[in-house]
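Please examine the structure shown below. The paragraphs that follow lead from single residues with unusual backbone geometry to a pocket and then to the chain as a whole.

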Amino acid sequence: MPKLQGFEFWSRTLGGARHVVAPMVDQSELAWRLLSRRHGAQLCYTPMLHAQVFVRDANYRKENLYCEVCPEDRPLIVQFCANDPEVFVQAALLAQDYCDAIDLNLGCPQMIAKRGHYGAFLQEEWDLLQSMILLAHEKLSVPVTCKIRVFPEIDKTVRYAQMLEKAGCQLLTVHGRTKEQKGPLSGAASWEHIKAVRKAVAIPVFANGNIQCLQDVERCIQDTGVQGVMSAEGNLHNPALFEGRSPAVWELAEEYLDIVRQHPCPLSCVRAHLFKLWHHTLQVHQQLREELARVKTLEGIAAVSQALKLRCQEDMSRQEEGARPTGDLPFFHWICQPCVRPGPKESTKESSGGRSKRALEEEEGGTDGLSKNKQKKQLRNPHKTFNPSLKPKYAKCDQCGNPKGNRCVFNLCRGCCKKRAFRETADCPGHGLLFKTKLEKSLTWKGTQPGLQEPPQTGPGAPGGFSEVVGSALA
């Protein structure tokens, strides 16, 4: 059977999917995909997989795709990050029998993608992208698709999309933000860019960005003309988004935990999902946030979720009739609802005097001024400090500037001390280096062996002497 392409692929293989769950690292695992499908998702992507690791590591393949055959988890698109045509195709060939299409990630804007040279940091390398997609289109038995971010200029974004289509891309997902729009600088996604791409290409287009409820999905399709809408953050906070429902959080939390018991996944994934689902409640019952961060078992996480449910039910019983949610939330905190990120603050540099985030954190001190990762570390070790003025000061090596050994006889770090002790045939008990002692023992032993006496010579270059005895110490 010939490989389906374009709209035929979308309508027949993907069933004309309009409600799509995005590929999310450590968040769109099998259990979550099954939960989302139960509540209106028509197409799911795997988490982003590293093509090179997928090719070389059989355990990685097993854990992320080969774990078990699950007929309910279709249609499914496997997403890879890659920057080499051959590696991308090798990975795709290993995955194609377990999915309905292979997606190339050209949208990840994170620093890890910049360091690894993939995702949105390939969007200027059009020759490379053409060769990757063209080769995959020729070699694979399933279609190749792409997920991209936009350029600031609409016309460049359109030319970018047309280039990918010409190379062999059969479906394009457009995230309406640039690679610089991430975290606190996200801002709103541009549906104008998505609309322009949709008009310019002859393949199906999915839109991504600004989706918080089913009304947003319908409005996006109407405004842009796309074939489907992809959700990431909105889906994480409310897996029933595509159903148009906002159920009680514990309803979906309990259902998800039941699925995890049938289809196990790393505890880190489960914990992250519960943090998203219970996000608004954890702002109210913060002591349980710490409990959720500490527990080490699935049943421990389930117990914290149950405790949150009981707290919410107590809050409900105390709620007066006709009361409205506090703050800016559309619903009470125990209802699944989006988490709206604050927009980028204007004049950020001016208000902070041009200082970096890290500099401000160090200046402010305390837990409130720490990043989330540092707060987690401090939660695990309450005595840990991130204040540079309180950290112990280490004396520096006289030669290279690294911290010196506290008991080094030469006032050097271990590396420099090793070189000097070898050169001078000396000992440094502080670093456990005994070149002189070993030489003396060697000469003493030779002096007791008939026929092995030699004129006493010292120094590293002595024939049959020190270089032969301790030369291997530097290997």
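Asn-210 counts as partly exposed, because its relative accessibility of 25% falls between the bounds of 20% and 50%. In this predicted model, Asn-210 sits in the loop that links strand S8 (205-208) to helix H10 (214-224). Although Asn-210 is not a glycine, its phi is positive, at about 70 degrees. Most residues other than glycine have a negative phi, and most peptide bonds are trans.

Thr-425 is likewise a non-glycine residue with a positive phi, here about 50 degrees. Thr-425 belongs to the loop between helix H20 (414-424) and strand S10 (427-428). Is Thr-425 buried or exposed? With a relative accessibility of 12%, Thr-425 counts as buried, since the cut-off for that class is under 20%.

The peptide bond can depart from the usual form as well. Between Arg-74 and Pro-75 the bond is cis, with omega near 0 degrees. Pro-75 is placed in the loop between H4 and strand S4 (76-81).

Helix H4 also leads to the second largest pocket, since H4 gives the most to its lining, with four residues. The volume of this pocket is about 690 Å³. Helix H2 (30-38), strand S3 (49-50) and helix H4 (58-66) are the elements that give two or more residues to the lining. In total, 29 residues line the pocket, and those nearest its centre are Arg-33, Glu-63, Asn-64, Leu-65 and Cys-67. By class, the lining holds 18 nonpolar, three polar and eight charged residues. Where does the second largest pocket lie with respect to domain 1 (6-245) and domain 2 (259-317)? Both domains give residues to its lining, so the pocket lies between them.

Helix H2 also contains Ala-31. Ala-31 has a relative accessibility of 1% and therefore counts as buried. Leaving aside residues up to four places away in sequence, Ala-31 touches Tyr-256, Ile-259, Val-260 and His-263. The C-alpha atoms of Ala-31 and Cys-265 are 7.5 Å apart in space, while the two residues are 234 residues apart in sequence.

The chain as a whole may now be considered. It contains 22 helices and 11 strands, and 46% of its 475 residues count as buried. Among contacts with a separation of 6 or more, 63% are made by residues 24 or more positions apart. The accessible surface of the chain comes to about 24800 Å², and carbon and sulfur atoms account for 51% of that area.

Key
Residues are numbered from 1 along each chain as its sequence is written. This is a predicted model: local features need pLDDT of at least 70, side-chain atom pairs count only at pLDDT 80 or more; totals for chains, interfaces and linings use all residues. Side-chain values use heavy atoms; hydrogens and water are left out. Buried means under 20% relative accessible area, exposed over 50%, partly exposed in between (1.4 Å probe, protein chains only). Contact means heavy atoms within 4.5 Å. Accessible areas come from the Shrake-Rupley method with a 1.4 Å probe; for residues, only the protein chains shown count as cover. On a 1 Å grid over the protein atoms alone, a cavity is a set of points where a 1.4 Å probe fits but cannot get out, and a pocket is an open set with protein on both sides within 12 Å along at least five of seven lines; lining residues have an atom within 4 Å of a point. Grid points are joined across faces, edges and corners, and a volume is the space filled by probe spheres set on the points. Ala, Val, Leu, Ile, Met, Phe, Trp, Tyr, Cys and Pro count as nonpolar, Asp, Glu, Lys and Arg as charged, and the others, Gly among them, as polar. Domain bounds come from an automatic or database domain assignment.
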